Amino acid sequence: MSFRGRVLVINNLVASLLWHRLACLEPPPGLLSQIQAKLVNFFWGGYHWVPQSVLFLSRDQGGQGLIHLASRTATFRLWFVQRYLTGSPDLVWRDVASCLLRRKIQEPSSLHWLLKEPLVHGGRLDVSSSAMPGLMVALYGSRTVTLKQLVEAAGLALADARTLSTVLGLRSLRVVERTLELWRRRLSVRERSLLRWYGGGRAELDPTDVFPDFQLNPGCEELSGPLLKALWKDKLGLHGTDNKTTAGEHSPQWRVLYKPPIKKRTGDLQWRVLHGVVALNVYLSRLDPAVSDQCPFCPGRETVFHAYRRNLEPDQACRGTLLLMARRGEERRGEERRGEERRGEEAMNQ
């Protein structure tokens, strides 16, 4: 199946089953990233040659138009806000939405309820979507599901990554340190002060504290994607900044690669060549040290621009490329000759 066919299967068959659910419900943390990873794996069918951000771009920009689930989910949230703010005056659900979205800004004052803040199930301190995929499983397995249990393992400053990694059963100390940093960012200055006072004996737990009011908001700040971030030139991939695919002030005309009468397979090959998605020795040598990066026919390195010259002239092109073209030409002439012989035999039999 061509790249275009795989994109159509993903966008029109698989991803379309999620739109109604994503418009009505909030997906669990990490679910969209897992589904997105499976969709990208289906697209490549093996080794991932270019970053996912390249695939999410349109064909005019050098991508394949693959859908990005997080960006589409953020779009649904923005559509809701747009209808809420600029919709018709007689929207029946506006009053209910106003009650739910009215945020009450209050400084936390109860240390008792702060330590009972959950770390899972989409709570304010749930960082599962931003941390490692198996964090929620590790938290459940070690029964570390509240801030109090986390403080007991990592300390009041949430800085003891070694002890926490032992409690959670995680080997990567770097991943645990990054996760602790995410938790520290979720806590406000007032909340961190309460924890310090608790450690210094200046604050005590009071089980009689009143349960705090709920604070609800649309929750779009955790979403990320190509449509929600500014694309800086120094962060773009090969399609935007590499001089190999641009000529001065002129940008490449990517859509030409798939225009008729060019076949889809031929367009995919041209797209792979321009992005360097070709299994040449310069890439295979990085995966297998036993493979040399030298061209088997020429003294230079076997790169994309060594194998595929802009002008395939005998004095410029690689010998391997010329031999391959000659072999393909002989095969094509052989197929034509066998086809003529077969048609001649069918005419004689008739």
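Over residues 226-248 the pLDDT (the predictor's confidence in each residue, from 0 to 100) stays under 50, and the model has 28 contacts beyond four places in sequence for this stretch, a contact being heavy atoms within 4.5 Å. Residues 310-315 also stay under 50, with five contacts beyond four places in sequence. Where pLDDT is low, the predicted coordinates should not be read in detail. This is a predicted model, in which local features need pLDDT of at least 70 and side-chain atom pairs count only at pLDDT 80 or more, while totals for chains, interfaces and linings use all residues. Residues are numbered from 1 along each chain as its sequence is written, and side-chain values use heavy atoms, with hydrogens and water left out.

As for the protein as a whole, the mean pLDDT is 76, and 77% of the residues reach 70 or more. Confidence bottoms out in helix H13 (residues 238-241), at a mean of 37, and is highest in helix H10 (residues 161-168), at 91. There are 17 helices and zero strands; both are DSSP runs numbered from the N terminus, helices being H or I with at least four residues and strands E with at least two. Of the 350 residues, 33% count as buried, where buried means under 20% relative accessible area, exposed means over 50%, and partly exposed is in between (1.4 Å probe, protein chains only). Among contacts with a separation of 6 or more, 58% come from residues 24 or more positions apart.

Now to the start of the chain. The UniProt annotation "signal peptide", from an unreviewed entry, covers residues 1-24; UniProt positions are given in the numbering used here, feature names are shortened, and annotations may be inferred rather than shown by experiment. In the model, that stretch is 75% helix and 0% strand, and its end C-alpha atoms are 33 Å apart. Ser2 sits in the segment before helix H1 (3-14) and is buried, with a relative accessible area of 10%. Leaving aside residues up to four places away in sequence, Ser2 touches Lys264, Arg265 and Asp268.

Those partners lead on to helix H14. H14 (residues 264-275) has 12 residues, which at 1.5 Å a residue should span 16 Å, and its end C-alpha atoms are indeed 16 Å apart; the expected span is 1.5 Å times one less than the number of residues. Buried residues in H14 are Gly267, Asp268, Trp271, Val273 and His275. Right after H14 comes Gly276, with a positive phi near 75°.

What about the aromatic rings? The structure holds seven aromatic pairs, counted when rings of Phe, Tyr and Trp (its six-membered ring) have centres within 6.5 Å; planes under 30 degrees apart are stacked, over 60 edge-to-face, and the rest tilted. Phe80 and Trp93 have ring centres 5.2 Å apart and planes at 25°, so this pair is stacked. The pair links distant parts of the chain, with Phe80 in helix H5 (residues 69-86) and Trp93 in the loop between H5 and helix H6 (94-101), 13 residues apart. Phe80 is partly exposed at 34% relative accessibility, and Trp93 is partly exposed at 25%. Elsewhere, ring pairs join Phe3, Phe43 and Trp44 into a cluster. Arg72 lies over the face of Trp19, at 4.7 Å from the ring centre; a charge sits over a ring if NZ of Lys or CZ of Arg is within 6 Å of the ring centre and within 35 degrees of the ring normal.

Positive phi values turn up in residues other than glycine too. Arg143, in the loop between helix H8 (135-141) and helix H9 (147-154), has a phi of about 55° and is exposed, with a relative accessible area of 68%. Leu158, in the loop between H9 and H10, has a phi near 50°, but this residue is buried, at 1% relative accessibility.

Leu158 also shows up around Trp183. Trp183 belongs to helix H11 (residues 173-186) and counts as buried at 1% relative accessibility. Not counting residues up to four places away in sequence, Trp183 touches Leu119, Leu125, Val127, Leu135, Leu139, Leu150, Leu158 and Leu164. For one of these, Val127, the C-alpha atom is 7.1 Å from that of Trp183, although the two residues are 56 apart along the chain.
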